[in-house]
Amino acid sequence: MSDNSLAITKLSDLANPTRFLALAARLIPWLACLTAVAFAVGLYLSFTTEGDYQQGETVRIMYVHVPAAWLSMMCYTVMAVSAIGTLVWRHPLADVSARCAAPLGAAFTLIALITGSLWGKPMWGTWWVWDARLTSVFILFLMYLGLIALNRSMDDPSKAARVGAVLILVGFVNIPIIKFSVEWWNTLHQPASVIRMDGPTIDAEFLRPLLVMAVAFTLLFFTLHIAAMRNEIWRRRVNAQRRLAARMAGREQ
Amino acid sequence: MGHAFYIYTAYGLTTLIVAALVAWTWLDGRARQRELAALDAAGIRRRSARSPGETKA
């Protein structure tokens, strides 16, 4: 296979895992560097901007809490798109993508829950309350754990892919519930103040570090997702080659 | 407890979780590369990676 045939000209070309590995090898170092720069700028802004007149310094927790919460929902959306790719187009990398995103989503959801709790205690006077927003995000966390457990409990990867994809799509109903929970129900959690139809209601002083940190977290997610997909492709190749070696050894006897 | 406790615990735990994710991805990749190299050294290659002279498995 010449290098020329590995050129990626359209999305469907990524269906070839060898092409994907070549692209990942080129992308990962760049993405990792961009992530580090974005975090350096984001953290600098997070700790140098002014505190809130009411919340004081605790507003700084927002710069990790909100991006992690966005990522927890974006990651599930990436998994849902991958699930459609598995079920509709039988894209060979869609299942790899969904499988590798689940642990990342669980980690970002855990960050959102922990930092939210640490913000809630000084501001609301409680670590936790079973209101609609907090409960729906906790359910999202449990769903990620369930999907990871399902992937690990099935030996046949193609069957695990199809069952997992159906479960991901059924669970997607939770994403709009999380987003609109603060509008549909009376919650202790505040309503949206950045992604709104009438524009952000948050002061530019807080919006700047928040957006830079959101970009940093998103870059971190894509870096880790591409690296984890590459690892999964390698894992499947190792398994396939071991089976081949076992068959060859069986024939020689 | 002062506000600083909540802020630094939030950032500290976030750093810990992110560091664990990065380390896990990194170490997983290295382990898989070692396995592929070991298989390659044992002469077990993918069909596409085999030279034309090699016999079919």
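User: How many residue pairs are in polar contact across the interface of chain A and chain B, and what makes a pair count as such?
Analyst: In this predicted model the rule finds 3 residue pairs in polar contact across that interface, both partners being at pLDDT 80 or more. The term stands for a pair of N or O atoms within 3.5 Å, where within protein one must be able to donate a hydrogen and the other to accept it, and where residues adjacent in sequence count only if both atoms are side-chain atoms.

User: Which elements of chain A give two or more residues to the side that touches chain B, and which gives the most?
Analyst: Those elements are α1 (17–48), α2 (62–89), α3 (92–124) and α7 (204–252) of chain A, and α7(A) gives the most, with 17 residues. On this side of chain A there are 25 nonpolar, 7 polar and 9 charged residues, where Ala, Val, Leu, Ile, Met, Phe, Trp, Tyr, Cys and Pro count as nonpolar, Asp, Glu, Lys and Arg as charged, and the others, Gly among them, as polar.

User: What conventions should I keep in mind while reading?
Analyst: Residues are numbered from 1 along each chain as its sequence is written, while chains are lettered from A and ligands numbered from 1 in the order in which they are written. Since the model is predicted, local features need pLDDT of at least 70 and side-chain atom pairs count only at pLDDT 80 or more, whereas totals for chains, interfaces and linings use all residues, and side-chain values use heavy atoms, with hydrogens and water left out.

User: How many residues does each chain bring to the contact, and what area is buried there?
Analyst: Chain A brings 41 residues and chain B 27, contact meaning heavy atoms within 4.5 Å. The two chains bury about 3100 Å² between them, with 78% of it on carbon and sulfur atoms, and A:Leu118, A:Trp234 and A:Gln241 supply 18% of the area that chain A buries against chain B, more than any other three residues. Buried area here is the accessible area (1.4 Å probe) that two parts lose on being put together, summed over both.

User: What makes the pair A:Arg242 and B:Glu35 a salt bridge?
Analyst: The term requires a side-chain nitrogen of Lys or Arg within 4 Å of a carboxyl oxygen of Asp or Glu. The side chains of A:Arg242 and B:Glu35 meet at 3.8 Å, N to O, so the pair satisfies the rule. Across this interface the rule finds 2 salt bridges, and over all chains the count comes to 9.

User: Why does the pair A:Arg236 and A:Asp95 tie together separate parts of chain A?
Analyst: The side chains of A:Arg236 and A:Asp95 meet in a salt bridge at 3.0 Å, N to O. Because A:Arg236 lies in helix α7 and A:Asp95 in helix α3 of chain A, the pair joins parts that are 141 residues apart in sequence.

User: How do you know whether A:Asp95 and A:Arg236 are buried or exposed?
Analyst: Buried means under 20% relative accessible area, exposed over 50%, and partly exposed in between (1.4 Å probe, protein chains only). A:Asp95 has 10% and is therefore buried, whereas A:Arg236 has 25% and is therefore partly exposed.

User: Which side chains does A:Glu232 meet in salt bridges?
Analyst: A:Glu232 meets A:Arg99 at 3.6 Å, N to O, and because A:Glu232 lies in helix α7 and A:Arg99 in helix α3 of chain A, that pair ties together parts 133 residues apart in sequence. A:Glu232 also meets A:Arg235 at 2.5 Å, N to O, and these two, being 3 residues apart in helix α7 of chain A, are separated by about one helical turn. A:Glu232 is buried at 6%, while A:Arg99 is partly exposed at 22%, as is A:Arg235 at 25%. A:Glu232 and A:Arg242 both belong to a network of salt bridges that also includes B:Asp28, B:Arg32 and B:Glu35.

User: Why is A:His225 called buried?
Analyst: A:His225, whose place is in helix α7 of chain A, has a relative accessible area of 5%, so it counts as buried. Leaving aside neighbours within four places in sequence, A:His225 is in contact with A:Val78, A:Ser97, A:Cys100, A:Ala101 and A:Leu104.

How values were computed. Helix = DSSP H or I, 4+ residues; strand = E, 2+ residues; numbered from the N terminus.
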